[in-house]
Amino acid sequence: MRLAAALTFGLAILVPAAALGASGPAARPSYAQIEGSGSTWSEVIVQQWIADVDASGMKVTYSGGGSSMGRKNFAQGVTDFGISEIPYPGVDEFGNPDNANGREYAYLPIVAGGTAFTYQIKVGGKMIKNLRLSGETLAKIFTNKITNWNDPAITKDNNGRALPSLDITPVVRSDGSGTTAQFTTWLDKEYPSLWRPFFGRSGFTSYYPRKGRALAQSGSDQVMNTVAGFAGNGTIAYVEYSYPVNKHFPVVKVLNKGGYYVEPTQYNVAVALTKARINQDKNSQMYLTQILDGVYRATDPRAYPLSSYSYMILPIGADDRRMTTAKRQTLMDFMYYSLCEGQSKAGPYGYSPLPLNLVKAGFDQLGRLAKADSGVDASNRDVTRCNNPTFVAGNLNENKLAKTAPMPAACDKAGAGPCGTETGTGKPSTDDSDGDGTPDTTDSSGPGGPDAPGSDPDAPPAVDPETGQPVVDDGTAAAAEVFANPTEVSADRRAERTAFGWLAVAELFALILLPGLGAAWLRRRRPGKVGL
């Protein structure tokens with residue numbers, strides 16, 4: 001079967017052309033609507049893919065109720081596919097079965113991304129947009145060891161820039177969540193002395209313990225809305241990076257083992273995941289699942305520590321009662337689009353595209369649909385024709401994103417900065433934002449740029465922890481903006497200087513000229529003298 005490019009509103013969508021006749025365009029393939037549920041971590045990109053293929057006749061519905069719900073619905077035959085960040089554990093943490101209930105399946109990697117920490121901290125009405133935290137500080141925040149934003153550990157992470165006294169409110173997931181499982185796996189691996197006493201045992205959980213001031217919300221969207229809401233000042237939460245990116249909200253730059261504070265852009269995630277170990281045993285039910293220890297401890301300055309993959313739970317049984325030939329064909333072509341053209345959407349939506357090895361393996365997994373049903377056409381799926389941003393033309397053994405990922409800005413290094421650029425934009429913070437090896441003179445975070453540490457004479461000082469106001473040289477609090485966004489602060493101050501400058505000129509004019517004008521007026525009003 002050949003694949004034709006169908007242009008819909010300027011978007012090239014790959015669709016099968018099995019029915020192309022000699023005399024004209026083909027009728028659409030025989031499709032049937034398919035239904036899935038699960039991960040909210042992946043939901044943003046999945047919904048975009050669904051919208052992309054709709055005009056090609058593929059009808060896909062997806063509801064994000066959390067990874068645990070996705071696995072459960074698939075096992076009970078409620079859905080055609082599930083999406084989860086973690087594989088079936090067999091038994092959940094409460095002793096209940098968490099398996100596929102005899103339904104045959106395979107794991108299909110669909111997208112990469114980073115678990116981000118979004119927050120709301122306002123001082124004097126201004127949002128702090130460049131917060132930095134080490135892994136240990138984050139672990140202490142989410143285990144109630146650090147409960148106020150003026151904690152010395154937070155001040156140290158931000159190179160001595162203190163935040164005001166403000167209670168920390170962690171926002172966690174209330175539902176069974178793959179995002180929670182990813183986060184707590186990292187906590188258990190990297191900070192067991194903090195996590196295990198808090199959790200009560202070793203290992204990860206899909207249900208985060210709610211303790212202290214923590215708030216619990218269902219789904220990543222509700223978590224994000226809670227942080228971004230009117231009453232969100234002081235909150236911090238873990239979500240997939242796409243949520244703050246699409247909400248235009250800041251995220252924490254996390255300290256990696258290379259000594260730099262970085263956020264989970266598509267580049268930093270791609271670099272980190274070169275250290276992931278993928279199960280290559282095709283005879284194992286865990287084939288293609290991830291082991292992330294090397295990712296957590298990657299020493300590349302560009303690597304984001306909490307990077308990972310998400311998986312589709314793919315039905316491969318020949319006697320699967322929910323699946324028909326038309327459904328399998330829909331699933332085949334939907335995922336072919338998602339693994340190829342759809343990966344180009346990953347970066348702009350806050351994810352990172354899959355590298356070549358996982359796309360190749362994904363094609364092998366899709367081929368199992370055709371093995372289960374001879375009516376499914378899986379021919380001519382050629383990985384070299386995939387429009388995937390990680391591929392290098394002519395050398396499919398390289399990961400283009402990882403190779404071209406720019407180094408972080410000098411002000412992102414521990415002991416320097418913090419940089420003045422905003423986070424949560426999806427763009428890398430770098431002195432070479434174009435990735436061409438030449439410093440970008442327009443990048444305000446770079447050495448010598450207007451937001452470089454020490455380069456702006458108007459950059460505000462540290463914040464007084466009692467008043468929430470910046471501290472001036474004499475140790476008193478000044479009615480000025482906070483340190484978090486020097487670009488905005490400098491602009492405000494320059495405007496103030498301009499206004500006060502004109503006022504000073506007016507006052508000087510009045511002091512010098514008005515007395516003389518007044519005297520002349522009085523002379524004109526005085527009666528004239530008679531000459532001799």
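Start with the empty space inside this predicted model: a search of the whole structure turns up three cavities of 30 Å³ or more. Go to the largest cavity, which has a volume of about 90 Å³.

To put it on screen, select V262, N268, P408, D412 and S429; out of the 13 residues lining the largest cavity, these lie nearest its centre. Now colour the lining by class, and you should get six nonpolar, four polar and three charged residues.

Next stop: the cysteines. How many disulfides does the count come to? The count is two, and with bonded cysteines numbered along the chain they follow the pattern 1-2, 3-4.

Select C340 and C386 for one of them; their sulfur atoms sit 1.8 Å apart. What does this pair tie together? C340 is in the loop between α11 (325-339) and α12 (356-372), while C386 is in the loop between α12 and α13 (400-404), so the bond links parts that are 46 residues apart in sequence. Turn on a surface here and check the two cysteines: both C340 and C386 are buried.

Now move to C411 and C419, which are joined by a disulfide with an S to S distance of 2.0 Å. Is this one right-handed or left-handed? Run a torsion about the S-S bond of C411 and C419 and you get about 105 degrees, so the disulfide is right-handed.

Keep the surface on for this pair as well. C411 is buried, with a relative accessible area of 3%, and C419 is buried too, at 1%. Buried here means under 20% relative accessible area.

Note on methods. Residues numbered from 1 in each chain as written. Predicted model: local features only at pLDDT ≥ 70, side-chain atom pairs only at ≥ 80, totals over all residues. Heavy atoms only, no water. 1 Å grid on protein atoms, 1.4 Å probe; cavity = no way out; pocket = protein on both sides within 12 Å on 5 of 7 lines; lining within 4 Å. Points joined across faces, edges and corners; volume = space filled by probe spheres on them. Nonpolar A, V, L, I, M, F, W, Y, C, P; charged D, E, K, R; others polar. Disulfide = S-S within 2.5 Å. Helix = DSSP H or I, 4+ residues; strand = E, 2+ residues; numbered from the N terminus. Buried < 20%, exposed > 50% of the residue type's maximum accessible area, 1.4 Å probe, protein only.
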